[in-house]
Amino acid sequence: MTITITAFERSPDGGKGLARDTRVRWALEEVGQPYEVRLVSFRAMKEPAHRALHPFGQIPTYEEGDLALFETGAIVFHIAERHAGLLPDDANARARAITWMFAALNTVEPPILELVTARITEGDKPWSQERLPLVEDRIRDRLDQLSGRLGHADWLDGAFSAGDLMMVSVLLRLRLSGILGEFPNLAAYVARGEARAAYKRAFDAQLAVNTGKPPAG
Ligand code: GTB
């Protein structure tokens, strides 16, 4: 059955891979599932046809036959459950990998998103400059804890899993801030994720949309 996802017609990041369709593309590439992409404009996202797929009028969405999903956590989990390659067979290891997916989305991503809000959405407020260091320090606290847990390991719990895919995707958003570089083992962890062939294919595919050039190779 054909899998169709949605993505920005033009991503505000110009193709740096930060929009959330990249993590869904990455998951599909890891498990070797072909997919199609329907590009949507900011206006079309808010219209009834798209809202029927995504109640909050956002991307990405995922369609496969009768199934329509939204929320990258649910989409990546669905892909990982249906296809081999992203979750371990051992029941306990599988539960731990899923735990890392939730940790990425519920514990690590929120302070990172706060930084985006503080810098961009609230950047012109008179109190913004005063607030920024507080927001950055909250991220540092989380990264310090995560860095301690990762230690010298390649991945969070044994082999690469959907938990790592989600954690790397969340941490990537920090690169431009410079904060990631303060934690060398996390920076190396993100680089390991980006070096995966599946990530590169996903990244190149979204870049091609945003530059109008077909992926290399
Ligand atoms: N919790 C949802 C999920 O994980 O699927 C969040 C989905 C979401 O935030 N979608 C964003 C969206 O559709 C795109 S990814 N925004 C349009 C809207 O809300 O009207 C967030 C995003 C957007 C842009 C960049 N960027 O340019 O750097 C990075 C990330």
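**Exercise 1. Find the residue of strand 4 that is the bridge partner of T61.**

Solution.
- Work in the predicted model shown above.
- Go to strand 4, which covers residues 67–70.
- The bridge partner of T61 there is F70.
- Now widen the view to both strands. Strand 3 and strand 4 run antiparallel, and four bridges join them.

**Exercise 2. Describe the turn between strand 3 and strand 4.**

Solution.
- The two strands form a hairpin.
- Two residues lie between them.
- Look at G65 in this turn. Its phi is positive, about 60°.

**Exercise 3. Work out how strand 1 pairs with strand 3.**

Solution.
- Locate strand 1 at residues 3–8 and strand 3 at residues 61–64.
- Their pairing is antiparallel, with three bridges.
- Take T4 as an example: E63 of strand 3 stands opposite T4.
- Put the pairings together. Strand 3 pairs with strand 1 and is also joined to strand 4.

**Exercise 4. Where is P60, and what kind of peptide bond joins it to I59?**

Solution.
- Start with the location. P60 is in the loop between helix 3 (48–51) and strand 3.
- Check the bond next. The peptide bond joining I59 and P60 is cis.
- Its omega is about 0°.

**Exercise 5. Place E71 and give the sign of its phi.**

Solution.
- E71 belongs to the loop between strand 4 and helix 4 (72–82).
- Its phi is positive, about 80°.
- E71 is not a glycine, yet it has this positive phi.

**Exercise 6. Which residues surround the ligand most closely, and how is the shell made up by class?**

Solution.
- Count the shell: 14 residues surround the ligand.
- The closest are R20, K46, I59, E71 and T72.
- Sort the shell by class. Seven residues are nonpolar, two are polar and five are charged.
- Two of the closest residues have appeared already: I59, at the cis bond, and E71, with the positive phi.

**Exercise 7. Trace the ligand's contacts with K46, T72 and I59, then say how much of its surface the protein buries.**

Solution.
- Begin with K46. An N or O atom in its side chain is 2.6 Å from an oxygen atom of the ligand.
- Turn to I59. Here a backbone N or O atom lies 2.8 Å from a ligand nitrogen.
- Then take T72. A side-chain N or O atom of T72 is 2.6 Å from an oxygen atom of the ligand.
- Now the surface. Alone, the ligand exposes 680 Å², and the protein buries 79% of that.
- Finish with the site itself. The ligand takes up the space of the largest pocket.

How values were computed: Residues numbered from 1 in each chain as written. Predicted model: local features only at pLDDT ≥ 70, side-chain atom pairs only at ≥ 80, totals over all residues. Heavy atoms only, no water. Pairing = 2+ DSSP bridges. Near = heavy atom within 4 Å. Polar contact = N/O pair within 3.5 Å; in protein donor to acceptor, adjacent residues only side chain to side chain. Areas by Shrake-Rupley, 256 points an atom, 1.4 Å probe, with all protein chains shown as cover. 1 Å grid on protein atoms, 1.4 Å probe; cavity = no way out; pocket = protein on both sides within 12 Å on 5 of 7 lines; lining within 4 Å. Sits in = over half its atoms within 2 Å of the grid points. Nonpolar A, V, L, I, M, F, W, Y, C, P; charged D, E, K, R; others polar.
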